[in-house]
Amino acid sequence: MSRIVYVNGEFLPEEDAKISIFDRGFLFADGVYEVSTILDGKLVDNAAHLARLQRSLGELAIPAPCSMEEIERIQHELIQRNAISAGSIYLQVTRGAEDRNFLWSEDLKPSLIMFTQTRGAKMDKVADVGLDVISRPDIRWQRRDIKTVALLPASMAKREAVAAGANDAWMVEDGFVTEGTSNNAYIITRDGKLITRALSNKILHGITRKAVLALAEEAGLAVEERSFTPDEVKNAAEAFVTSATMFVAPVVSFDGAKIGDGKPGPHTRRLRDLYIAFAKNSLS
């Protein structure tokens, strides 16, 4: 049976879904998105994702297409219609559609789309084995705190990583790691301190990041929010990434150098277990 998706007020089979060729998301990457994880047919920490969506819309002066309560209702209906137990739900809001022009009309009607994706065992395997990561120059725009659909630089970096035999890339700017292509980046020093870049316009304000840092502090792990260098990654005891779809995933090598003993470390495993417990308690 065909997957059911949502496009501007309609639930449709995916093959019948259509967006205007004049949509500004298509022409200018003028839109924002969110991805919420589905566990046991419910959404993980979804209120935080919708709050970030509202912030992204506000930063770009895109009107909300409807209330956040209505968005959540649509999310749950999509999950039900597609009978998703584990996976994710993608939602995207663009400024709307009109004839191509750098200057947009003030009365544009925003576009809202959503679709579900099922989750396989791949992420569980990553947690057991770990990720090999390489560095790549960060060539993205300077408002990475806004979760826009302009993902080409990140997509290119991820493709380059795979072509080099790695799983992902951590982007580097002015000699410091910013973040992964689709995740926030962390190291754990040899004296047991968790280091991750501080919030700014340089990185996405990750929803999973926020939860994991709180859990780390509750567990007694020292946390320091500051920039770190590629050399610090290579000399770290452990490294990991966080994202809505990967939860907490270990990084076991960086630019060919083994991190620690080259295996997922105890702090990373503990944080993943703590986050999974948190995720199950946040379901809505």
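## Charges, rings and two positive phi angles

The charged end of R81 sits over the ring of F11, at 4.3 Å from the centre of that ring. This arrangement belongs to a predicted model, and it is a convenient place to begin, since F11 also takes part in an aromatic pair. There, Y6 and F11 meet edge-to-face, with 5.2 Å from centre to centre and 65° between the planes, and both Y6 and F11 are buried. A second contact of charge and ring involves R95, which lies over the face of W104 at 3.7 Å from the ring centre.

The pair of Y6 and F11 is taken from a wider set, for the count of aromatic pairs comes to nine. A pair of aromatic rings is described by the distance of the centres and the angle of the planes. The rings of F28 and F102 have centres 5.2 Å apart and planes at 70°, and because planes over 60 degrees apart count as edge-to-face, this pair is placed in that class. F28 belongs to helix 1 (residues 24-28), whereas F102 is in the loop between strand 5 and strand 6 (111-118), so that the pair links distant parts of the chain, 74 residues apart. As for accessibility, F28 counts as partly exposed at 23%, while F102 is exposed, with a relative accessible area of 60%. Elsewhere, Y33, Y90 and F115 form one aromatic cluster.

Side chains of opposite charge can pair when their charged atoms come close. In this model the count comes to 21 salt bridges, and E59 and R143 form one of them, with their closest N and O atoms 2.8 Å apart. E59 lies in helix 2 (residues 46-59) and R143 in the loop between strand 7 (131-137) and helix 5 (152-163), and the pair therefore ties together parts that are 84 residues apart in sequence. Both partners are partly exposed, E59 with a relative accessible area of 39% and R143 at 22% relative accessibility.

The loop between strand 7 and helix 5 also holds R140, whose partner E179 is in strand 9 (residues 176-180), so this bridge ties together parts that are 39 residues apart in sequence. The closest N and O atoms of R140 and E179 are 2.8 Å apart, and here both residues are buried. Their bridge does not stand alone, since D138, R140, R144, E173, E179 and K202 are linked in a network of salt bridges.

A further salt bridge joins E225 to R209, with the closest N and O atoms 2.7 Å apart. This pair too links distant parts of the chain, with E225 in strand 12 (residues 222-225) and R209 in helix 6 (residues 207-218), 16 residues apart. Its two ends differ in exposure: E225 is partly exposed, with a relative accessible area of 42%, whereas R209, at 4% relative accessibility, counts as buried.

The backbone offers a last point of interest. Most residues other than glycine have a negative phi, and most peptide bonds are trans. Against that background, N8 has a positive phi, near 45°, and it is found in the loop between strand 1 (4-7) and strand 2 (10-13). N8 is partly exposed, with a relative accessible area of 42%. The phi of A83 is positive as well, near 50°, and A83 is likewise a loop residue, found between helix 3 (68-82) and strand 5 (87-94). With a relative accessible area of 66%, A83 is exposed.

Key. Residues are numbered from 1 along each chain as its sequence is written. This is a predicted model: local features need pLDDT of at least 70, side-chain atom pairs count only at pLDDT 80 or more; totals for chains, interfaces and linings use all residues. Side-chain values use heavy atoms; hydrogens and water are left out. Helices (H or I, at least four residues) and strands (E, at least two) are DSSP runs, numbered from the N terminus. Buried means under 20% relative accessible area, exposed over 50%, partly exposed in between (1.4 Å probe, protein chains only). A salt bridge is a side-chain nitrogen of Lys or Arg within 4 Å of a carboxyl oxygen of Asp or Glu. Rings of Phe, Tyr and Trp (its six-membered ring) pair if their centres lie within 6.5 Å; planes under 30 degrees apart count as stacked, over 60 as edge-to-face and the rest as tilted. A charge sits over a ring if NZ of Lys or CZ of Arg is within 6 Å of the ring centre and within 35 degrees of the ring normal.
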